[in-house]
Amino acid sequence: MGRCRRRVLIELQTNTQPSSPLLSSITLGPGGMDAVVALGGGDMRRTLNILQASAMAAPVVDAAAAYATTGNPTPADIEDAGKALLNFEVEDARQGEGERG
């Protein structure tokens, strides 16, 4: 891992004022960093790539931007799908009967 990535990681871990060009140009919104870290799955290179891609795709990196950038379902989407499968017949849930409303 390069020196730049190490410095970025230290800044992410300590929540200090960012001095690296990557972090200083990113505006974080509510839940943004938590979502990026969760989507990274423990792989710091992947986490930084998600952070950078989300920052390029949206003006503010929040949880919605991070999930949309990676194409992963949000925790709310997963919860809704689970509720639909538990509360409706499978065919009704597949046809959208259990969608948010």
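The following paragraphs go through a predicted model, from the whole chain down to single residues.

The chain has 101 residues, of which 25% count as buried. Its secondary structure consists of 7 helices and 0 strands, so in sequence order the pattern reads α-α-α-α-α-α-α, with helices and strands taken as DSSP runs. Among contacts with a separation of 6 or more, 45% join residues 24 or more positions apart.

Confidence varies along the chain. The mean pLDDT is 79, and 70% of the residues reach 70 or more. Helix α1, residues 3-14, has the lowest confidence, with a mean of 62. The highest belongs to α5, at 94.

Helix α5 is a convenient place to begin with the packing. Two packed helices are described by the angle between their axes and the distance between the axes. For helix α4 (residues 44-57) and helix α5 (residues 63-70), the angle is about 105° and the axes are 9 Å apart. Angles of 65 to 115 degrees count as roughly perpendicular, and α4 is therefore roughly perpendicular to α5. On the α4 side of this contact are Ile50, Ala53, Ser54 and Ala57, and they meet Ala65, Ala66, Thr69 and Thr70 of α5. Sorted by class, the contact of α4 with α5 contains 5 nonpolar residues, 3 polar ones and no charged ones.

Which residues of α5 are buried? They are Ala65, Ala66 and Tyr67. Two of these names, Ala65 and Ala66, also appear in the contact with α4. The cover over the buried residues of α5 includes α3 and α6 as well as α4. After α5 comes Gly71, which has a positive phi, near 80°.

Helix α4 also contains Thr47. Is Thr47 buried or exposed? Thr47 has a relative accessible area of 5%, and because buried means under 20%, Thr47 counts as buried. Apart from neighbours within four places in sequence, the contacts of Thr47 are with Val36, Val37 and Gly40. Helix α3 spans residues 32-40, and so the three partners of Thr47 fall in the numbering of that helix.

The loop between α2 (21-24) and α3 (32-40) holds Gly31. At a relative accessibility of 38%, Gly31 is partly exposed, since that class lies between the 20% limit for buried and the 50% limit for exposed. Gly31 and Asp62 are separated by 31 residues in sequence, while their C-alpha atoms are 5.6 Å apart in space.

The last site is in helix α6, residues 75-87, where both Lys83 and Glu79 lie. How many salt bridges does the model contain? The count is 1. It joins the side chains of Lys83 and Glu79, with an N to O distance of 3.2 Å. That pair qualifies because the cut-off is a side-chain nitrogen of Lys or Arg within 4 Å of a carboxyl oxygen of Asp or Glu. Along the helix, Lys83 and Glu79 are 4 residues apart, about one turn. Lys83 has a relative accessible area of 43% and is partly exposed. Glu79 is likewise partly exposed, at 45% relative accessibility.

Technical notes: Residues numbered from 1 in each chain as written. Heavy atoms only, no water. Helix = DSSP H or I, 4+ residues; strand = E, 2+ residues; numbered from the N terminus. Buried < 20%, exposed > 50% of the residue type's maximum accessible area, 1.4 Å probe, protein only. Axes fitted to C-alpha atoms, helices over the stretch in contact; angles between N-to-C directions. Parallel < 35°, antiparallel > 145°, perpendicular 65-115°, else oblique. Contact = heavy atoms within 4.5 Å. Nonpolar A, V, L, I, M, F, W, Y, C, P; charged D, E, K, R; others polar. pLDDT = per-residue confidence, 0-100.
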